[in-house]
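Here are my notes for you to read with the structure open beside them. Take the points in order and find each place as you go.

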Amino acid sequence: MRWTQRLFRRARTERQLDAELRFHLEQQIADYVASGMSPEEAQRRARLEFGGLDQVKEECRDVGAARFVETLIQDLRFGLRQLRRNPGFAAVAVITLALAIGANTAIFSVIDAVMLRMLPASNPGELMQVKTRDPRWPAEASPVFTTPLWEQLRNRQDVFSGVFAWGEDKFNLSQGGAVHLVNGIWVSGGFFRTLGLHPAAGRLITPSDDRRGCPAVAVLSYGFWQEHFGGAQSAIGSTISLSSHPFEVIGVAPRGFYGMNVGRNFGVAAPICTTVLFDGKESRLVDRSWWWLSVVGRIKPWISAAQATARLKVLSSGIFIAALPENWSSDLQKGFVKQTMLAVPAATGVSGLRREFKEPLNLLMAVVGLVLLIACANIASLMLARGAARHREIAVRQALGANRMRLVRQLLTECMLLSAGGALLGIVFAHWGAALLVRVISTTQNVVFLRPSLDGRVLGFTAAIAVLSSFLFGLLPAFRSTSLSLTTAMKGGEPFRTAHPARSRSRKRILAVQLALSLVLLVTAGLLLRSFSNLATLNLGFDQHNVLLIGTDLGVAKVPPDKQLSTYQEIGERLRALPGVVSVGRSKLTPISGTFWNNTIHTRWSDRLNGDAALAWLNYISPGYISTLRMTLMAGRNFNEDDTKAAPPVAIINQTLARRFFPHLNAMGRTLQVGVGSSGKLGPRIVVVGIVRDAKYGSVREETHPTAFFPAAQISMYTDQDSFELRTAV
């Protein structure tokens with residue numbers, strides 16, 4: 001008899017069981033009668049051997065899974081009635097668990113989105129990212145390639161069934177006026193095919209679309225298609241403007257695919273070959289020093305990751321020699337050809353976000369784990385008190401024949417109900433908490449795109465946490481509550497078998513655990529607050545308050561290079577005339593933006609410096625930049641309107657650069673030279689006219705870099721996208 005029939009067809013099952021038992025009894029009576037007994041004697045003998053029908057029925061019901069399920073349902077009903085009788089206790093326990101379980105679920109859902117979630121591709125476990133490794137820094141591997149290096153790898157490799165490359169960019173959708181930027185990616189022809197993706201509409205980019213002289217075509221992401229075209233089929237074949245260049249829309253990427261970079265989504269994808277429309281004379285397609293592509297391949301089924309890396313290492317020499325930058329110095333060329341390639345798993349995509357937030361997320365996970373343990377200790381104390389109040393009920397149930405393990409299971413079922421309620425409410429808190437956490441790690445300049453979702457892995461984690469929590473706070477109180485002296489309990493005396501010192505020890509242990517965990521959590525919170533306070537009060541070297549950043553893109557306005565300087569100056573004058581504006585500065589890079597520009601610096605006193613020690617961080621600024629950010633000029637002068645391209649080149653340096661490149665000297669009036677690209681050649685001599693106090697360059701946490709500033713009017717090649725800094729009075 002199947003246990004499901006017993007469970008869901010109880011009346012019919014009982015009738016079948018009764019009929020079956022009576023058949024066996026009657027058969028036994030018939031056998032005795034056939035052996036010569038009288039009917040009365042046979043019936044008496046059979047009943048004695050067979051036992052009572054009700055007793056046998058109970059034994060049959062106890063066999064198999066049906067009895068367990070029936071008992072579980074009974075325990076759940078009884079547990080719900082008990083919790084309904086104590087709504088205050090139930091509410092406190094459920095809310096406490098909901099906050100603790102919800103916090104754990106929220107952090108885990110973000111960890112899942114950043115580090116664990118597989119790409120929505122066909123067999124993502126077969127994807128491997130190709131990186132380069134310099135023997136001088138064996139512990140580090142670079143994920144970026146030049147176009148010639150990528151093409152050599154694509155043509156020579158034999159370990160991948162498919163390989164593709166992509167690079168990230170931003171496209172301006174407007175054809176004039178305000179800039180409307182969208183995240184874009186340049187993809188090779190095998191990008192979508194290797195990932196095993198199918199279009200939501202139209203077709204995707206193929207190898208025939210990615211060749212020299214290719215037509216300008218584009219594929220939209222599903223979200224972009226819905227937002228800008230309303231999901232209309234008429235979008236296929238239409239034209240979209242990308243930074244003032246018309247592109248034909250040929251298809252839409254599948255829903256749920258946001259790109260290879262976790263934390264960043266794309267709106268438009270275009271073939272790598274169309275970058276010539278944007279680059280002009282210096283095309284990244286032929287530039288052997290333009291590092292911008294990432295490479296991923298689908299490994300062949302019969303090749304392991306170790307074998308792939310070994311084969312790539314063998315191929316590396318020929319690939320790097322074929323893609324050697326010809327304008328580099330001989331030393332740099334020697335280092336370039338010594339590099340090797342390796343393959344690493346890419347099933348979860350690639351992400352700089354993963355490296356940046358791995359440790360903070362793990363720390364948060366540990367902290368909310370402590371919160372959960374403290375919550376369990378608190379509820380365990382409540383359960384002990386509740387068990388003491390229920391001693392008479394438990395004593396009566398034991399006196400009626402219930403064994404101790406049966407009562408423990410009943411009490412644990414009540415704990416399971418509390419955990420289930422806390423988990424369900426915690427899922428709601430987790431949804432809000434995960435969204436809040438994503439907003440916290442996002443910035444205006446670096447918007448993080450993450451979709452923490454309650455998928456099977458997250459819900460499984462929540463269920464596991466709920467079950468574990470119920471045992472943590474329920475097991476000890478359950479055994480403690482069922483350790484009774486029945487005689488004393490029925491008389492209304494001290495119910496527990498153990499003496500007072502032993503009984504109080506369990507409560508003291510729970511209290512000690514609570515205090516220990518709370519102390520650890522308090523110290524951790526104090527350290528985090530102290531770190532936050534130090535960062536918030538850190539002297540950045542400039543005053544960031546009341547400063548508004550404004551980005552520009554003269555390329556969209558099609559301003560010719562010879563007019564860009566005058567256009568920037570005119571924009572600065574108009575901004576300076578706005579009410580409430582105190583001062584205006586302009587720069588190529590803004591501080592604490594996460595971007596950087598560095599190159600080697602040479603002076604007569606720094607010949608011993610080489611490699612990273614000879615690097616300096618650079619920036620082009622206007623005369624109003626230093627005063628707008630209220631940087632402290634330690635010596636010399638600021639830039640002025642006379643520092644034009646026709647005037648001698650000048651620079652302002654920070655204290656760190658002065659100490660490193662002009663040791664034990666006054667740097668004022670001395671000269672320095674900046675390396676030209678990677679050729680090893682040096683540019684013209686530049687006179688140091690000022691020294692400013694050290695300031696942060698790319699991030700708050702970085703060490704202070706040697707930094708040099710140059711007049712924006714003396715830049716050899718103007719840029720389309722400078723930034724203005726406005727200090728306001730409000």
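1. First, a bit of vocabulary: two helices count as roughly antiparallel when the angle between their N-to-C directions is over 145 degrees. Keep in mind, too, that what you're looking at is a predicted model. Now try α13, which covers residues 352–389, against α15: their axes come within 14 Å and cross at roughly 155 degrees. That angle is over the 145-degree cut-off, and α13 and α15 are therefore roughly antiparallel to each other. The crossing of this pair, α13 and α15, is right-handed.

2. Which residues of α13 and α15 meet? On the α13 side, look for Phe357, Leu361, Leu364, Met383 and Arg386. Their partners in α15 are Glu414, Cys415, Leu418, Leu437 and Ile441. Sort the residues of this α13–α15 contact by class and you get eight nonpolar, no polar and two charged.

3. Stay with α15, residues 404–441, and bring in helix α14, residues 391–399. The α14 and α15 axes come within 10 Å and cross at roughly 140 degrees. That makes α14 oblique to α15, because an angle of that kind falls outside the parallel, antiparallel and perpendicular ranges. The crossing of α14 past α15 is right-handed. From α14, the contact uses Ile394, Arg397 and Gln398, while α15 brings Arg404, Leu407 and Gln410. By class, the α14–α15 contact splits into two nonpolar, two polar and two charged residues.

4. One further partner of α15 to look at is helix α16, made of residues 456–481. Here the axes come within 8 Å, with a crossing of roughly 145 degrees. Once again you can note a right-handed crossing, with α15 passing α16. The residues in the α15–α16 contact comprise 17 nonpolar, six polar and one charged. If you wonder why I keep quoting two values for each pair, it's because two packed helices are described by the angle between their axes and the distance between the axes.

5. While you're at α16, click on Ser470, which is found in that helix. Is Ser470 buried or exposed? With a relative accessibility of 1%, Ser470 counts as buried, because the cut-off for buried is under 20%. Leaving aside residues up to four places away in sequence, Ser470 touches Leu412, Cys415, Met416, Ser419 and Leu475.

6. Next, the aromatic rings. How many aromatic pairs does the structure hold? There are 23 of them. Take Phe191 and Phe192: their ring centres are 5.0 Å apart and their planes stand at 85 degrees, so this pair is edge-to-face. Phe191 is buried, at 0% relative accessibility, and Phe192 is buried too, with a relative accessible area of 1%. Then compare Trp328 and Phe336, whose ring centres lie 5.5 Å apart with planes at 80 degrees, so that pair is edge-to-face as well. Both Trp328 and Phe336 are buried.

7. Don't leave Phe191 and Phe192 just yet, as they belong to one aromatic cluster together with Phe164, Trp166, Phe257 and Phe266. It's worth showing all six side chains at once on your screen.

8. Now some backbone angles. Most residues other than glycine have a negative phi. Asn123 is not a glycine, yet it has a positive phi of about 45 degrees. You'll find Asn123 in the loop between α6 (87–116) and β1 (127–133), where it is partly exposed at 48% relative accessible area. Arg630, also not a glycine, has a positive phi of about 55 degrees. Arg630 sits in the loop between α20 (625–628) and β15 (633–636), and its relative accessible area of 49% makes it partly exposed.

9. Last stop: Lys558, in the loop between β11 (547–551) and α19 (561–576). Its relative accessible area is 62%, so Lys558 is exposed. Where is Asp720 relative to Lys558? In sequence they are 162 residues apart, but in space their C-alpha atoms are 9.3 Å apart.

Methods
Residues numbered from 1 in each chain as written. Predicted model: local features only at pLDDT ≥ 70, side-chain atom pairs only at ≥ 80, totals over all residues. Heavy atoms only, no water. Axes fitted to C-alpha atoms, helices over the stretch in contact; angles between N-to-C directions. Helix = DSSP H or I, 4+ residues; strand = E, 2+ residues; numbered from the N terminus. Parallel < 35°, antiparallel > 145°, perpendicular 65-115°, else oblique. Left-handed = near helix turned anticlockwise from the far one by under 90°. Contact = heavy atoms within 4.5 Å. Nonpolar A, V, L, I, M, F, W, Y, C, P; charged D, E, K, R; others polar. Buried < 20%, exposed > 50% of the residue type's maximum accessible area, 1.4 Å probe, protein only. Phe/Tyr/Trp six-rings, centres within 6.5 Å; stacked < 30°, edge-to-face > 60°.
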